Amino acid sequence: MTMTDPIADMLTRLRNAQTAGHDTVSMPTSKKLVEIARIMDKEGYIQSYEVIEGDPRGTLELTLKYGPKKEKTIKGIKRISKPGLRIYAGKDDLPRVLGGLGTAIISTSSGVMTDRDARKAGIGGEVIAYIW
């Protein structure tokens, strides 16, 4: 079965697993999903990620991160650019999530990066999601 929006599926699986208190969540993998997981790992929203090779398609497994009293690390996660309505931002119009406390994930011509890295590089792109 084909999926119309694998990024939204990834974010929803992540949100649901964290609400249910699971330690890990797995999903079908793609290069863009691995890049998004890399950014979430680098920014400290998840503990780790692993790509498990499979025959027709691999699996991406995320290990979730919780605080000392099992509080969520990700307070909110929102898909911005959707297949039906793409949202782009120029280098001067890059969004700031919660005044810089959150992270915007941007898909640029130089790869997937955070809003801070895109601002530093001076490039814009498609705004994929907000995480805070």
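Is Trp 132 buried, partly exposed or exposed in this predicted model? Trp 132 is partly exposed, because its relative accessible area is 32%, and partly exposed residues fall between the limits of 20% and 50%.

**View 1. Trp 132 belongs to a nonpolar patch on the surface.** The patch is formed by Leu 98, Leu 101 and Trp 132. Together, these residues have about 340 Å² of accessible area. Trp 132 is located in the segment that follows β8 (125–131).

**View 2. Three strands build an open sheet.** The strand order is β1-β3-β2, and the pairing is antiparallel. The edges of the sheet are occupied by β1 (24–28) and β2 (46–52). Each of these two strands has a single partner, so one of its sides has no neighbour in the sheet. On average, neighbouring strands are turned by 20 degrees against each other, direction ignored.

**View 3. Strand β2 pairs with strand β3.** In general, the strands of a sheet pair through backbone hydrogen bonds, in either a parallel or an antiparallel manner. Here, β2 and β3 (residues 59–64) pair in the antiparallel sense over six bridges. Leu 64 in β3 is the bridge partner of Ile 46.

**View 4. Helices α1 and α2 meet the strands of the sheet.** Helix α1 (residues 6–20) lies across β1, β2 and β3, and runs at about 160 degrees to β1. Helix α2 (residues 31–43) packs on the sheet and touches β1, β2 and β3. The direction of helix α2 makes about 155 degrees with that of β2.

Definitions and conventions
Residues are numbered from 1 along each chain as its sequence is written. This is a predicted model: local features need pLDDT of at least 70, side-chain atom pairs count only at pLDDT 80 or more; totals for chains, interfaces and linings use all residues. Side-chain values use heavy atoms; hydrogens and water are left out. Patches are made of residues with over 30% relative accessible area and no salt bridge: like charges are joined within 9 Å, nonpolar side chains (Val, Leu, Ile, Met, Phe, Trp, Tyr) within 5 Å. Accessible areas come from the Shrake-Rupley method with a 1.4 Å probe; for residues, only the protein chains shown count as cover. A salt bridge is a side-chain nitrogen of Lys or Arg within 4 Å of a carboxyl oxygen of Asp or Glu. Helices (H or I, at least four residues) and strands (E, at least two) are DSSP runs, numbered from the N terminus. Buried means under 20% relative accessible area, exposed over 50%, partly exposed in between (1.4 Å probe, protein chains only). Two strands pair if DSSP finds at least two bridges between them. Axes are lines fitted to C-alpha atoms, for helices over the stretch in contact, and angles run from 0 to 180 degrees between N-to-C directions. Contact means heavy atoms within 4.5 Å.
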